[in-house]
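This report introduces the pockets of one protein structure and two points of its backbone. Please view the sequence and the model together while reading.

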Amino acid sequence: MEESEFWELIDATREAAEGDPEEQADLLVDRLLQLDPETVLDFARHFEARYNRAYHWDLWGAAWVLLDGASDDAFDFFRCWLIGQGREVFEGGLHDPDSLADLLGDFDEEIDGDGEELGYAADEAYEQLTGTVAPDLGIAPAPAEPEGSSINFENEAVLAQLYPKLWDRFKG
């Protein structure tokens with residue numbers, strides 16, 4: 001699976017789900033079930049590589065502002081959700097997390113920001129196709145700690161300074 005095909009699947013399922021991440025995950029499983037198991041593993045490699053790339057302190061800070069706090073698990077699910085938003089939002093958010101204020105449309109804390117199910121879509125499809133658990137993907141694991149410099153998430157002045165657009169839009 002080429003990278004462009006990966007993003008086409010993400011975009012098509014997000015649009016069909018009208019932005020609902022749980023519905024997007026269900027649609028993604030359905031689409032992946034139409035592929036052969038090796039292609040599903042290719043999709044999983046693309047997803048996991050992007051998930052690992054997003055393990056950055058500055059992105060975690062943006063998630064903290066958006067979600068009004070983000071535990072380890074919440075940040076994991078946020079990274080899955082961010083991938084589900086498509087290439088433009090994902091790459092933009094990685095490059096400049098504060099730009100998420102401009103890249104995101106409406107943001108509903110009740111449904112947005114949590115893409116836990118998206119993270120399991122490829123595994124679920126592979127298991128349904130083969131009857132076995134997906135093998136190791138053979139890609140480098142995520143770093144033990146997020147990349148970059150740690151941020152004191154409890155200090156609102158620091159968050160407002162680091163993420164002025166996000167702060168104004170979601171906290172102001």
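## Pockets and backbone

By class, six nonpolar, three polar and eight charged residues make up the lining of the second largest pocket. The model is a predicted one. This second largest pocket holds about 250 Å³ of space. Of its 17 lining residues, Glu110, Ile111, Gly113, Asp114 and Gly115 are the closest to the centre. Helix H2 (21-32) and helix H5 (72-84) each supply at least two residues of this lining.

The largest pocket encloses about 290 Å³. Its lining comprises 18 residues, of which Phe47, Glu48, Gly119, Tyr120 and Asp123 are the closest to the centre. Two or more lining residues come from each of helix H3 (37-53), helix H5 (72-84) and helix H8 (121-130). The greatest share is that of H3, which gives five residues. By class, the lining has twelve nonpolar residues, one polar residue and five charged residues.

Two residues in loops deserve separate mention. Glu18 is not a glycine, yet its phi is positive, and Asp68 likewise has a positive phi without being a glycine. The table sets out their values.

| Residue | Phi | Relative accessibility |
|---|---|---|
| Glu18 | about 50° | 74% |
| Asp68 | about 60° | 55% |

Glu18 lies in the loop between helix H1 (3-16) and H2. Asp68 is found in the loop between helix H4 (57-67) and H5. Glu18 counts as exposed because its relative accessibility is 74%, with over 50% as the cut-off. Asp68, at 55%, therefore also counts as exposed.

Note on methods: Residues numbered from 1 in each chain as written. Predicted model: local features only at pLDDT ≥ 70, side-chain atom pairs only at ≥ 80, totals over all residues. Heavy atoms only, no water. 1 Å grid on protein atoms, 1.4 Å probe; cavity = no way out; pocket = protein on both sides within 12 Å on 5 of 7 lines; lining within 4 Å. Points joined across faces, edges and corners; volume = space filled by probe spheres on them. Helix = DSSP H or I, 4+ residues; strand = E, 2+ residues; numbered from the N terminus. Nonpolar A, V, L, I, M, F, W, Y, C, P; charged D, E, K, R; others polar. Buried < 20%, exposed > 50% of the residue type's maximum accessible area, 1.4 Å probe, protein only.
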